[in-house]
Amino acid sequence: MDFNSLINGVIIFVVLGCLGLIFLREFVKRWRIGLRLLSGDEDLLTDSSISMKVVTDAPPGSVIVSQVPAIEIKEP
């Protein structure tokens with residue numbers, strides 16, 4: 001086996017391994033977030049590692065107005 005083909009094989013293996021780890025990490029992260037959503041984990045609202053684009057829980061026909069801030073209502 002030629003030295004250049006050995007180096008090329010190692011580089012291909014490292015690059016594919018890194019890509020595989022990135023995809024595995026994203027899959028596990030999304031799976032865990034889905035489990036937390038299903039269990040109703042309220043810590044998702046304050047978790048700094050998660051960003052939410054839009055959260056809507058309103059009756060059908062409601063609209064989102066960007067000028068009105070959303071305020072969390074804390075029940076006593």
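Helices in this report are DSSP runs of at least four residues, and they are numbered from the N terminus. The model described here is predicted.

**Overall architecture**

The chain contains one helix and zero strands. Its radius of gyration is 22 Å, well over the 11 Å that the globule rule gives for 76 residues, so the chain is more spread out than a compact globule. The C-alpha trace spans about 70 × 25 × 20 Å along its principal axes. Of the 76 residues, 1% count as buried, a class that requires under 20% relative accessible area. The accessible surface of the chain amounts to about 7700 Å². Carbon and sulfur atoms contribute 65% of that surface. As for charge, the chain carries 7 positive and 9 negative charges, and the mean positions of these two sets lie 5 Å apart.

**The helix and its ends**

Helix α1 covers residues 3-39. It has 37 residues and reaches 54 Å from its first C-alpha to its last, close to the 54 Å expected at 1.5 Å a residue. At the N-terminal end, D2 acts as the cap of α1, with a side-chain oxygen placed 2.7 Å from the backbone nitrogen of N4. At the other end, α1 is followed by G40, whose phi is positive, near 75°.

**Individual residues**

N8 has its place in helix α1. With a relative accessibility of 46%, N8 falls between the limits of 20% and 50% and therefore counts as partly exposed. K53 is found in the segment after α1. Its relative accessible area is 80%, so K53 is exposed. I64 also belongs to the segment after α1. Because its relative accessibility of 63% is over the 50% limit, I64 counts as exposed.

Each of these residues can be set against a partner elsewhere in the chain. The table gives the separation in sequence and the C-alpha to C-alpha distance in space.

| Pair | Separation in sequence | C-alpha to C-alpha distance |
|---|---|---|
| N8 and L37 | 29 residues | 44 Å |
| K53 and R30 | 23 residues | 15 Å |
| I64 and L24 | 40 residues | 35 Å |

For N8 in α1, the partner L37 stands 29 residues away in sequence and 44 Å away in space. K53, in the segment after α1, lies 15 Å from R30, C-alpha to C-alpha, across 23 residues of sequence. I64, in that segment as well, is 35 Å from L24, with their positions 40 residues apart in sequence.

Terms used: Residues are numbered from 1 along each chain as its sequence is written. Side-chain values use heavy atoms; hydrogens and water are left out. Helices (H or I, at least four residues) and strands (E, at least two) are DSSP runs, numbered from the N terminus. Buried means under 20% relative accessible area, exposed over 50%, partly exposed in between (1.4 Å probe, protein chains only). The expected span of a helix is 1.5 Å times one less than its number of residues. A polar contact is a pair of N or O atoms within 3.5 Å; within protein, one must be able to donate a hydrogen and the other to accept it, and residues adjacent in sequence count only if both atoms are side-chain atoms. The radius of gyration is taken over C-alpha atoms; the globule rule is 2.2 Å times the number of residues to the power 0.38. Accessible areas come from the Shrake-Rupley method with a 1.4 Å probe; for residues, only the protein chains shown count as cover. Lys and Arg count as positive and Asp and Glu as negative; His and the chain ends are not counted. The place of a charge is taken as NZ of Lys, CZ of Arg, CG of Asp or CD of Glu.
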